[in-house]
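User: Hey, I'm new to this one. Can you walk me through it?

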Amino acid sequence: MPAGGGEPPFVTVVIPAFNEAGIIHEKLENTLSLDYPSDRVEVVVASDGSADATNDLVERFGRGVRLLVLPRIGKNRALSEAAAVARGDVLVFTDADTKLTRETLLRVTAPFADPAVGGVAGERRHGDESKPNRRGAAHGKHVLRRLLSRAGSVTSAEGQIYAVRRELFRPVPENVPDDFWVSTRVVAAHRRLVYEPRAASYPFPGATVVRDPFERKVRIIGPLLRSFWLGRDLLNPAEYGFYSIQLVSHKLLRRLVFVPLIGLAVTAPGLRSRSKIYRGVFLAQGLLHGAALAGLLLRGTRLGRLRLLKATLTFDRNNVATAVALAQQLRGRRPRDDMWE
């Protein structure tokens, strides 16, 4: 609840949907069962040209849920259309294939009691609602996001659950990650984007679609690089201070590792005879990429499941995917706008 015991903000929960007949009823039941005053929330389902029974199910659901029937315009434009008709002071975005914990709506709106806060990023859990991310890489990410939030702003939100003030929402351009764009525009307006781990989402059982990891990486990274170009104002540390450095280091530089790797691959062979350092670099490259190749050739076997081979294969695959994604963006070849991740 807001500080001082006042009324919670009036919110619009936006659920983008494309052919979600198998889960939309359960998603709406989950959304309307959350601990939040029913007279302070509206739900808008933005149906992006659904060709199955999604629209009929939403219409029959009733209980004040608003259905926005759209032609096939893509998720980004569907979100923009939904935001345009929303009545809430706060827009809460959540994907159709995720559930929310009972306290999520209260937790994701509570930080707006601080006028400096313009957006709130929730937590994506990988198991069920009772299992917070407290192990391995997920735990490390959780700790980092908490620290960044305390220091100023987290880098960006994830689409499963996040919220922004309605006046800070900006229409989402084509072929950019919608969650990244909407949440970082909050910082562009000189408001804080904070992290609230108790505002949590978790996946529907069996809702995750397994895609080719290389193709999926290309589809994710290309639009992200495009969003950096369109939102390059945020890269100015004179205006945005540490957040600009945070954005470059967390999101951009680690995806451009392939550039110095190519430089090393080109120069190291010719320099290896000049110094032990160059010979060491040449040998290290050979071992790294050789292990990655072995991981590729042995994938699906017991040897291929060795952590070393899997890690080197993932490293090389991600770098190749980034190079391909960047080349596609420079050539104007972008994912179809009507395709959803």
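Analyst: Sure, we'll go through salt bridges, strands, a helix and a few single residues.

Analyst: Before that, this is a predicted model, where local features need pLDDT of at least 70 and side-chain atom pairs count only at pLDDT 80 or more, while totals for chains, interfaces and linings use all residues. Residues are numbered from 1 along each chain as its sequence is written, and side-chain values use heavy atoms, with hydrogens and water left out.

User: OK. How many salt bridges does the structure hold?

Analyst: It holds 15 salt bridges. A salt bridge here is a side-chain nitrogen of Lys or Arg within 4 Å of a carboxyl oxygen of Asp or Glu.

User: Which residue does Arg102 form a salt bridge with?

Analyst: Arg102 forms one with Asp35, and the closest N and O atoms are 2.9 Å apart. The pair links distant parts of the chain, 67 residues apart: Arg102 is in the loop between β5 (98-100) and α4 (104-109), and Asp35 is in the loop between α1 (24-32) and β2 (41-48). Helices (H or I, at least four residues) and strands (E, at least two) are DSSP runs, numbered from the N terminus.

User: Is Arg102 buried or exposed?

Analyst: Neither label fits, because Arg102 has 47% relative accessibility and counts as partly exposed. Asp35 is also partly exposed, at 34%. The cut-offs are under 20% relative accessible area for buried, over 50% for exposed, and partly exposed in between (1.4 Å probe, protein chains only).

User: Which side chains meet Glu42 and Asp48 in salt bridges?

Analyst: Glu42 meets Arg66, at 2.9 Å from N to O. Glu42 lies in strand β2 and Arg66 in strand β3 (residues 66-70), so this pair ties together parts 24 residues apart in sequence. Glu42 is buried, with a relative accessible area of 4%, and Arg66 is partly exposed at 25%.

Analyst: Asp48 meets Arg72, at 2.7 Å from N to O. Here Arg72 is in the loop between β3 and α3 (75-85) and Asp48 is in strand β2, 24 residues apart. Arg72 is partly exposed at 33%, while Asp48 is buried at 0%. Salt bridges that share partners also join Glu42, Arg66 and Arg87 into one network.

User: Switching topic. Why is strand β8 called largely enclosed?

Analyst: Because nine of the twelve residues of β8 (residues 192-203) are buried, the strand is largely enclosed by the rest of the structure.

User: Which way do β5 and β6 run relative to β8?

Analyst: β5 and β8 run antiparallel and are joined by three bridges, with Thr98 standing opposite Pro203 in β8. Strand β6 (residues 117-124) and β8 run parallel, with six bridges joining them. Arg124 has Ser201 as its bridge partner in β8. Two strands pair if DSSP finds at least two bridges between them.

User: Now helix α7. What span should it have?

Analyst: At 1.5 Å a residue, the 18 residues of α7 (residues 213-230) should span 26 Å, and the end C-alpha atoms are 26 Å apart, which agrees. The expected span is 1.5 Å times one less than the number of residues in the helix.

User: What covers the buried residues of α7?

Analyst: The cover includes α6 (178-188), α9 (242-252) and α12 (307-330). Among the buried residues of α7 are Val218, Arg219, Ile221 and Phe228.

User: And Ser149, where is that?

Analyst: Ser149 is in helix α5 (residues 136-151). Ser149 is buried, with a relative accessible area of 8%. Leaving aside neighbours within four places in sequence, Ser149 is in contact (heavy atoms within 4.5 Å) with Val154, Arg192, Val194 and Tyr195.

User: How about Pro171, buried or exposed?

Analyst: Pro171 counts as exposed, at 59% relative accessibility. Pro171 is found in the loop between β7 (162-165) and α6. Not counting residues up to four places away in sequence, Pro171 touches Ser80 and Trp181. Pro171 and Arg331 are 160 residues apart in sequence and 25 Å apart in space, C-alpha to C-alpha.

User: Last one: where is Leu296?

Analyst: Leu296 is in helix α11 (residues 276-297). At 36% relative accessibility, Leu296 counts as partly exposed.
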